[in-house]
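Visitor: Hi! Could you walk me through this one?
Guide: Happy to, here it comes.

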Amino acid sequence: MIYLLIDTTTSHITVSILKNSEILYKHCENIISDMSSKILPIIDECLNNSGVSLNDISKIFVANGPGSFTGIRIGVTDAKTIAWALNKEIIPISSLEILATTNTTKKYLVPMIDARRGNVFAGVYDNNLNNIKNDSLVSLNDLLNEINDDYELISYDNLNTDNVIKPNPNIEKVIIKHLNDKGINPHNLNPKYLKLTEAEENKLKND
């Protein structure tokens, strides 16, 4: 079985092609801008370098949030388009859970994505990717006050706090966990933003 994973929810785009639980090719790159024009060439690169075609894809895994509004939309839209064209189902995965596959000796992992204004998207996972605390939008200061040395902070972002390690996602680990998840129809896949857009917030203030 051949699988495609797409994650465009953070500053680092990750696209992987796997055969069963083995990575055939992975592209991980820090992309500051213009992700929409780069994602399809990256997918094409991954396919070519792994020696497979789109028609070989059995399942599509996609990070549907939380994270960058634009990034989530890009990844979800491309995954839905490919799944619709191939008549395949999609399996959504939390972007924070993908970050939580980073290897650590700590008991718990706290993946974080900068949500601005002193807030982060964060969750708490154990080393088996069990979600101990649901992904949510939280104050970074409040989060830091709740944790101790049992927790490993993980983020690509510069959050101006100590003891944060950079992610090194273990894609095989997260795929194995979700391999038997029931896929959903591409048309039913929705982003998991966890917060209102700035336009929505302004509308609420003005209503």
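**Helix α1 and the cavities**

Guide: Right after α1 comes Gly 51, with a positive phi near 75 degrees. Keep in mind that this is a predicted model, where local features need pLDDT of at least 70, side-chain atom pairs count only at pLDDT 80 or more, and totals for chains, interfaces and linings use all residues. Residues are numbered from 1 along each chain as its sequence is written, and side-chain values use heavy atoms, with hydrogens and water left out.

Visitor: Which residues of α1 are buried?
Guide: Met 35, Ile 39, Ile 42, Ile 43, Cys 46, Leu 47 and Ser 50, where buried means under 20% relative accessible area with a 1.4 Å probe, protein chains only. Seen down the axis of α1, they fall within an arc of 135 degrees, so they line one face of the helix; the arc uses directions from the helix axis to the C-beta atoms.

Visitor: And what covers them?
Guide: The cover includes β1 (2-7), β2 (12-19), β3 (22-30), β4 (57-63) and α2 (69-86).

Visitor: New topic: what lines the largest cavity?
Guide: Val 110, Ala 122, Gly 123, Val 124, Lys 133, Ser 136, Val 138 and Leu 143. A cavity here is a set of points on a 1 Å grid over the protein atoms alone where a 1.4 Å probe fits but cannot get out, and lining residues have an atom within 4 Å of a point.

Visitor: Which strands contribute to that lining?
Guide: β7 (119-126) and β8 (131-139) each supply at least two residues.

Note on methods
Buried < 20%, exposed > 50% of the residue type's maximum accessible area, 1.4 Å probe, protein only. Helix = DSSP H or I, 4+ residues; strand = E, 2+ residues; numbered from the N terminus. Contact = heavy atoms within 4.5 Å. 1 Å grid on protein atoms, 1.4 Å probe; cavity = no way out; pocket = protein on both sides within 12 Å on 5 of 7 lines; lining within 4 Å.
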